[in-house]
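Welcome, and please open your viewer. We will go from stop to stop, and at each one you can select what is named and look around.

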Number of protein chains: 2
Amino acid sequence: MKDADNILRLGDCLPVLNKFERGSVDLFYIDPPFFTQKVHALTTRDGGTRYSFRDLWASTEAYGDFLIDRLSECHRCLKETGSLFFHCDDTAGHLARLILDRVFGPENFQAEIIWSFRRWSNSKKGLMPSHQTILFYSRSGAFKFHTLTTAYSESTNLDQILQKRVRDERGKAIYARDDSGEPVTNGAKRGVPLGDVWEIPYLNPKAKERVGYPTQKPVLLLERIIQLCTDPQDLVADPFCGSGTTLVAAHLLGRRAIGIDTSEDALKLAAQRLAAPVRTESRLLERGRQSYVREDLDLLECLKGIGYHPVHRNKGIDAILMEEWHGKPVCIRIQRPDETIEDAAIALCNAAERKGGAKLILVVMEHQWGLLGRANVPASVTLVHSTTAAIRHSLSEVLGLRLVAGQ
Amino acid sequence: MKDADNILRLGDCLPVLNKFERGSVDLFYIDPPFFTQKVHALTTRDGGTRYSFRDLWASTEAYGDFLIDRLSECHRCLKETGSLFFHCDDTAGHLARLILDRVFGPENFQAEIIWSFRRWSNSKKGLMPSHQTILFYSRSGAFKFHTLTTAYSESTNLDQILQKRVRDERGKAIYARDDSGEPVTNGAKRGVPLGDVWEIPYLNPKAKERVGYPTQKPVLLLERIIQLCTDPQDLVADPFCGSGTTLVAAHLLGRRAIGIDTSEDALKLAAQRLAAPVRTESRLLERGRQSYVREDLDLLECLKGIGYHPVHRNKGIDAILMEEWHGKPVCIRIQRPDETIEDAAIALCNAAERKGGAKLILVVMEHQWGLLGRANVPASVTLVHSTTAAIRHSLSEVLGLRLVAGQ
DNA sequence: ACGGGAACTGAATCGGAAC
DNA sequence: AGTTCCGATTCAGTTCCCG
């Protein structure tokens, strides 16, 4: 690991892998061209460098032959306990699957992992592509595997999960009981074993870890793969390493890594990244989607039955209607219980100041509707009468309860 | 549609489809039997070490032949504007993909849809399978397609997205400003176009729609497929219809449907389901398509935001709160539009008579709230004021729009 | 018709300016 | 200082048009 030349190798991976010892690698991550029949190019953010690679092929057969040669070599280099992850999309994933079944044997197919993400959209007729596929094969049945866990679903019956299970005399799993017949709990719950659909945000336009190399993958995706199938000090190899995401992830997790690529520019980039590895600290990942949801959005209950989008990132505007009004968006605010009509109107106006003539609607709470005559509200704001939350309030008062959020 | 014999056909679909007219079907949903034995390794023509793609077709085995024959027949029956959805899992999906590419042409491959779901964990070494794949092929480029939309991501800055963009002198996209430097907005948005990863709960073991037939799919999954690619009155065909989920979904959406199956038992089950179609009420997923809900369920809309359980089998009680009140359940009734406050209160009291001191709440409609002074209501019933649909009415009037059904 | 390049799209993130 | 919120940036993007 001292030497960049030892980590990064320039050239086609086939001859490079050929010199590797049999059974020397713990994990291969393969991210080859996907058979898109396009040249992929991207300019760095500072406009300095333009990186590109060609994904153009004479035929399906040519592509298949290219893969089978290199995958066979990977197979040879893998330890008995090793695994290979093959990244592809739906253009040629089925061909890769056939080839890998042939090289590794169908019995060593372990999973078809779906990496799903949300991305900026386009106007395609059809469904927006929002996943890629990672095929997971092991070298043998004795492959190394660490079960990772995720959070429980909200609907899971946790107290049942907490119960300890044992095997009865016939070897069947049953819930454990103590001497008095009471269920025995299990201590900490670790979570649900990781499934084969992984929702990981796509490397987004503003991410710090973005280096301007086309088709760059999130470090988090590679970290997950590496954690699943290797231990610290194990050797990870990426024969199509590009800008070196795999190497960065391996480095961050204390694994050894080798990257191979035909592009000298890509390897330079990879060397730079290894010198100062960056992983995006994404708020979305750290705190979850829920952290964006505004608590006071339950005010919007009163809009139910109307087509609207909740607005999470603006304090003045609560919702925008799906319908437009004379070509303008319709912005809605619901008056807060502790807020005067004027204050609500001002908040709405301020938020919409730069929205260029949107239609502004303020929903006024019933108990303040009587004050309307005295309200000093900008002319641009249209007031609408509501008695929404009324029922919720009434119920809370009548019952003396803080009502739980429902449904 | 009058006649079950016309909807349900017994037998292998090959001869049955053979009698269909060319170009008579708008949509095929194919959910073939998964062969229990593994797909055999594919052999090369010369039996040698060299791999070639052409060999894949020289070695097609029985499963492939079975599929090719039937898919070719489907292809013949499809309208030019028609589409076919092929349901598979990761054991044979790649083979199906090859066959479909061959029968429909690779240019008519539209999407690899991932149906993802959470499932009860098993203790297998490896990743828990939690998706299946649906391959979407069209008969031609002129296929019928309705874009469905989903909610925006919580992290989306919605109000910004409303702004129009133009190009500056260097051809770079920037936000448009009017003469006074104010941003120009773009009209309203209907939502994000549906992607190719669909998270739909697996039919849970207690779902009402479950009829005990293996591999039964959720009605919602089929409804989505049918809505994407057909109009009302179009013809949907399912050559492996099993217990008839596709037919039920088509029926619920006003499409014509034909189901074929080799099992007489399956067809009997399908006939029963068609006579009384049931869709599991998953409130989480039902949002958005509430065009014709039962009126008494509609009443409960005003309770949204409060944790409650709808009560289905009791004429007097509409819902029970999740929260209890001094150890007693809280029973709620919503006053019907054509019902006096007194009648509603009596219905509620009668229903709760044997509930042992439950807290009784009657939600009174706004237009009757004024009559409250004169109401002669049992002391055990607490009255709560509601004004549901009021805001919707106001908005419609202010904007002069017929508002679309929302969320 | 078909391939290739130019023109255009639009939602989802994060960075950082503005409070 | 911490939080809110604006808007820049991106395209294993797509469409369109022309030779």
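In which handedness of crossing does helix 7 of chain B pass helix 8 of chain B? The crossing is right-handed, a word used when the near helix is turned clockwise from the far one, while left-handed means turned anticlockwise by less than a right angle.

Before the next selection, some notes on reading the model. This is a predicted model, in which local features need pLDDT of at least 70, side-chain atom pairs count only at pLDDT 80 or more, and totals for chains, interfaces and linings use all residues. Residues are numbered from 1 along each chain as its sequence is written, chains are lettered from A and ligands numbered from 1 in the order in which they are written, and side-chain values use heavy atoms, with hydrogens and water left out.

**Stop 1: helices 7 and 8 of chain B**

Select residues 219-229 of chain B for helix 7 and residues 245-252 of chain B for helix 8. Helices here are DSSP runs (H or I, at least four residues), strands are runs of E with at least two, and both are numbered from the N terminus. The two axes come within 9 Å and cross at roughly 60°. Axes are lines fitted to C-alpha atoms, for helices over the stretch in contact, and angles run from 0 to 180 degrees between N-to-C directions. Helix 7 of chain B and helix 8 of chain B are therefore oblique to each other; angles under 35 degrees count as roughly parallel, over 145 as roughly antiparallel, 65 to 115 as roughly perpendicular and the rest as oblique.

Now show side chains. From helix 7 of chain B, Val219(B), Leu222(B), Glu223(B) and Ile226(B) meet residues of helix 8 of chain B, including Val248(B), Ala249(B) and Leu252(B). Contact means heavy atoms within 4.5 Å. By class, this contact has seven nonpolar, two polar and one charged residue. Ala, Val, Leu, Ile, Met, Phe, Trp, Tyr, Cys and Pro count as nonpolar, Asp, Glu, Lys and Arg as charged, and the others, Gly among them, as polar.

**Stop 2: helices 4 and 5 of chain B**

Next, select residues 62-77 of chain B (helix 4) and residues 93-104 of chain B (helix 5), whose axes come within 10 Å and cross at roughly 40°. Helix 4 of chain B passes helix 5 of chain B in a right-handed crossing. Among the residues in contact are Leu67(B), Ile68(B) and Leu71(B) of helix 4 of chain B, and Ile99(B), Val103(B) and Phe104(B) of helix 5 of chain B. Nine nonpolar, three polar and no charged residues make up this contact.

**Stop 3: DNA strand C**

Which residues are closest to DNA strand C? They are Trp120(A), Ser155(B), Thr156(B), Ile161(B) and Arg165(B), among the 22 residues that surround the strand (each with a heavy atom within 4 Å of it). Zoom in on Ser155(B): an N or O atom in its side chain is 2.7 Å from a phosphate oxygen of DNA strand C. A polar backbone atom of Ser153(B) is 3.3 Å from a phosphate oxygen of DNA strand C. Polar contacts are pairs of N or O atoms within 3.5 Å; within protein, one must be able to donate a hydrogen and the other to accept it, and residues adjacent in sequence count only if both atoms are side-chain atoms.

**Stop 4: DNA strand D**

Finally, select DNA strand D. Around this strand are 34 residues, of which Leu42(A), Arg119(A), Trp120(A), Lys315(A) and Gln160(B) come nearest. A polar side-chain atom of Trp120(A) lies 2.6 Å from a base oxygen of DNA strand D, and one of Asn314(A) lies 3.0 Å from a phosphate oxygen of DNA strand D. Strand 3 of chain A gives the largest share of the surface near DNA strand D, three residues. That surface divides into nine nonpolar, nine polar and 16 charged residues.
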